Amino acid sequence: MTQEPQQFASDNYAGICPAAWAAMDEANRGYVPAYGEDPWTQRASDSFRTLFETDCEVFFAFNGTAANSLALAALCQSYHSVICSSSAHVETDECGAPEFFSNGSKLLVAQTEGGKLTPEAVRALATGRSDIHFPKPRAVTITQPTETGQVYSLDEIRALSAICRELGLRLHMDGARFANACAALGCSPAEMTWRSGVDVLCFGGTKNGMAAGEAILFFDHALAVDFDYRCKQAGQLASKMRFLAAPWVGMLESGVWLSNAAHGNDCARRLATAIADLPGIEPMFPVEANAVFLRAPEPVLEGLRARGWRFYTFIGGGARFMFAWDADPARVDALAGDLRAAVQEAQAGVTLAA
Ligand SMILES: *Cc1c(COP(=O)(O)O)cnc(C)c1O
């Protein structure tokens, strides 16, 4: 198959990184027991416990929708509710899976800036109703970094977990790009999660450089009771589990989980810096992780498309660019150059028309 030039429409356009691939290859030699009873699964789980400096419960799922949905289902009864941001993946991109797998726990949606929940928003939603006719608030879910690339500071996470404790809510973190947040803040995974009051984390492997797979980490053992049955019932127990587990060993033991993410973040900053002086082009959100959302006049976006670039505009009409572990800095520069050319072309078009 012919190789197309690299695109930044999604971090899922990237392939499998060498560390994950090599571990898969190693796991592919010989025979091991099935359904997670193998040494790779043990080693990957232990790698998580080492990285997070705690004896957490670790499970593996095929994707983020399953990981989030099952984690939230584990926190809730069917009559409970989960507070989330209006732009949360669980609300906008999981086809109702959190409600489905929890047998009806309702998402309570807060309108937010850049996808960040605040303690005030949580309090308002959690205490607005307390009667029998409304689903009882039970959990809060935050996305770190958010869908638009904002990173919660440790203080912000702690403030949220404090209000969760006050109101009897559990705190879930959708970490589809958890590594990018760790790289951005330069803090440890432990600080970002259980030391700041997070109860359950979904740690994304796919966008971090694996073929597939997310890990679900319970920092409170009681919450993980029977979670293995929940995974199996939902079709998330891999029979050849070693191939979900081995890439994690390759990523975590080498530190590649973090360097991959730091590279993606660097490339996002590289683009943002290269186009900072362009008239009429504005970042829609601060560039804090591996995402750049650009507001640009439609003729400029058309000019980019005409130059072969692909991107989504599903958030407020802005162009989204996501940078993965394999983002080529030369290609980032090419994007910046084409954006500059498209701006000049659009300006010339306006001058001609006048
Ligand atoms: C990509 C992503 C997920 C996981 O999506 P799947 O397609 O189900 O793997 C979850 N949350 C966020 C914020 C994401 O960006």
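A cavity here is a set of grid points where a 1.4 Å probe fits but cannot get out, and its lining residues have an atom within 4 Å of a point. The model on screen is predicted.

Start with that enclosed space. Select Asn 180, Lys 207, Asn 208, Asn 260, Ala 261, Gly 264, Asn 290, Phe 323, Ala 324 and Trp 325, which line the largest cavity. Its volume is about 40 Å³, and a search of the whole structure finds 1 cavity of 30 Å³ or more. Colour the lining by class: 4 residues are nonpolar, 5 polar and 1 charged. Next, show helix H12 (residues 256–274), which gives the largest share of this lining, 3 residues.

Keep Lys 207 selected and move to the ligand. Lys 207 lines the largest cavity and also belongs to the residues around the ligand. A polar atom of the Lys 207 side chain is 2.6 Å from a ligand oxygen. Now add Arg 177, where a side-chain N or O atom lies 3.1 Å from an oxygen atom of the ligand. For Asp 174, look for a ligand nitrogen instead, 2.6 Å from a polar side-chain atom. The ligand taken alone exposes 390 Å², of which the protein buries 82%.

Widen the selection to the whole shell, which includes Asn 63, Gly 64, Thr 65, Asn 68, His 89, Glu 94, Thr 143, Glu 147 and Ala 176. By class this shell holds 1 nonpolar, 6 polar and 5 charged residues. Helix H3 (residues 64–75) supplies the largest share, 3 residues.

Finally, hide the ligand and display the pockets: the space the ligand takes is the largest one.

Key
Residues numbered from 1 in each chain as written. Predicted model: local features only at pLDDT ≥ 70, side-chain atom pairs only at ≥ 80, totals over all residues. Heavy atoms only, no water. Near = heavy atom within 4 Å. Polar contact = N/O pair within 3.5 Å; in protein donor to acceptor, adjacent residues only side chain to side chain. Areas by Shrake-Rupley, 256 points an atom, 1.4 Å probe, with all protein chains shown as cover. 1 Å grid on protein atoms, 1.4 Å probe; cavity = no way out; pocket = protein on both sides within 12 Å on 5 of 7 lines; lining within 4 Å. Sits in = over half its atoms within 2 Å of the grid points. Helix = DSSP H or I, 4+ residues; strand = E, 2+ residues; numbered from the N terminus. Nonpolar A, V, L, I, M, F, W, Y, C, P; charged D, E, K, R; others polar. Points joined across faces, edges and corners; volume = space filled by probe spheres on them.
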